[in-house]
Amino acid sequence: MFDPERKAESLAMDRVRRSLAEAERVVVLTGAGVSVESGVPTFRGEEGLWRSHRPEQLATPAAFARDPRLVWEWYAWRRERVGGCRPNAAHRALARWALSRPGVLIVTQNVDGLHGDAAIEAAGDRAPETAAWPIELHGSLFRVRCTGCGERRPHVAPIDTGSRASLPRCPDCGALLRPDVVWFGEPLEDRTIGRALAAARGCDACLVVGTSAIVHPAASVAVEAAHGGAVLVEVNPDPTPLSPLAGVSLRATAATAVPRLLGGPNEAGPA
Ligand SMILES: [Zn+2]
């Protein structure tokens, strides 16, 4: 039976697939929604509570200065919860797509490292090419930064939070290491947000996945792209403040919609 709604959806999907395939430069902006189907908690509201502390009380430079052990204990707990999560079909489709064609930049607000994991998977025996490696606007749970010399490095080993003396220290200068994430009250790193905004200004299409787009300046990546004339495609189960700017809004979850949009092995388009 002819179903006009289904037909309209299918036509919209075809149009988006074509726009993305034809675009020379594409910026993909992702948020918490892209990782929901991987089981990553949002750490907001009830989920965010840990021993009755709210994230706003722990994810600050002042909290770390006052009690680094408490802050590290919270991050050790988060790393444990997130460390068991794997990339889902959306992360995988994006990583494969970025490796298979030039001109794709993935920009994420997430600190879960799943785009990086998907890039490593997609690259197989090759070194994960920078093409599929995301710009992590808010840093990563699995990186540390030295509070002394500022050196950053990957860090996935368990954190010994037994005492202040057992907390991880910089192998170069001996100062305390902190999670390499952007805390409340801290600006995004100029170089990182600058790279993302520059790419957004020059792109032909911007795919926004799983973000309510209310956190600035991350949200300005999509706004800059739209103002520069790029086609804005939104994948989100609910309307967001970006929806009015979007040429097409697909009301679906990331793992459902993204593989259909980008295609790839075992992921045929709409019938
Ligand atoms: Zn150091």
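1. In this predicted model, the largest nonpolar core comprises 54 residues, and the residues with the most contacts inside that core are Val27, Cys206 and Val258. Helix H6 is the element that gives the most to this core, contributing seven residues. A second core, separate from the one just described, has 13 residues, among them Ala59, Trp74, Val82 and Leu141. As general background, nonpolar side chains tend to be buried together in soluble globular proteins.

2. Val258 deserves a closer look, being one of the residues with the most contacts inside the largest core. Leaving aside residues up to four places away in sequence, Val258 touches Ala90, Ala93, Leu94, Val209 and Val235. Of these partners, Ala90, Ala93 and Leu94 are among the buried residues of H6.

3. Helix H6 covers residues 89-100, that is 12 residues, and spans 16 Å from its first C-alpha to its last, which is close to the 16 Å expected at 1.5 Å a residue. The helix is mostly covered, with 10 of its 12 residues buried. The buried set includes the nonpolar residues Leu94 and Trp97, but also His91, Arg92 and Arg96, and a colleague examining the side chains may wish to keep that list at hand.

4. What do the buried residues of H6 pack against? Their partners are three strands, namely S1 (26-30), S2 (104-108) and S7 (205-209), together with two helices, H7 (114-123) and H10 (254-262).

5. The domain assignment of the protein divides the chain into domain 1, made up of 1-40, 86-138 and 187-271, and domain 2, made up of 43-84 and 143-181. The C-alpha centres of domain 1 and domain 2 are 29 Å apart.

6. A further point concerns an open sheet of three strands, ordered S5-S4-S6 and paired in antiparallel fashion. Strand S5 (152-154) and strand S6 (177-181) form the edges, each pairing on one side only. When direction is ignored, neighbouring strands of this sheet are turned against each other by 45° on average.

7. Within that sheet, strand S4 (residues 139-146) is joined to S6 by five bridges, the two strands running antiparallel. One of the residues concerned is Gly139, whose bridge partner in S6 is Val181. Helix H5 (residues 68-83) lies across both S4 and S6, and runs at about 145° to S4.

Conventions: Residues are numbered from 1 along each chain as its sequence is written. This is a predicted model: local features need pLDDT of at least 70, side-chain atom pairs count only at pLDDT 80 or more; totals for chains, interfaces and linings use all residues. Helices (H or I, at least four residues) and strands (E, at least two) are DSSP runs, numbered from the N terminus. The expected span of a helix is 1.5 Å times one less than its number of residues. A residue is buried if 20 or more other C-beta atoms lie within 10 Å of its own, exposed if 12 or fewer, and partly exposed in between; C-beta atoms are placed from the backbone. Two residues are in contact if their C-beta atoms, placed from the backbone, lie within 7 Å. A nonpolar core is a set of buried Ala, Val, Leu, Ile, Met, Phe, Trp, Tyr and Cys residues joined through C-beta atoms within 7 Å. Domain bounds come from an automatic or database domain assignment. Two strands pair if DSSP finds at least two bridges between them. Axes are lines fitted to C-alpha atoms, for helices over the stretch in contact, and angles run from 0 to 180 degrees between N-to-C directions.
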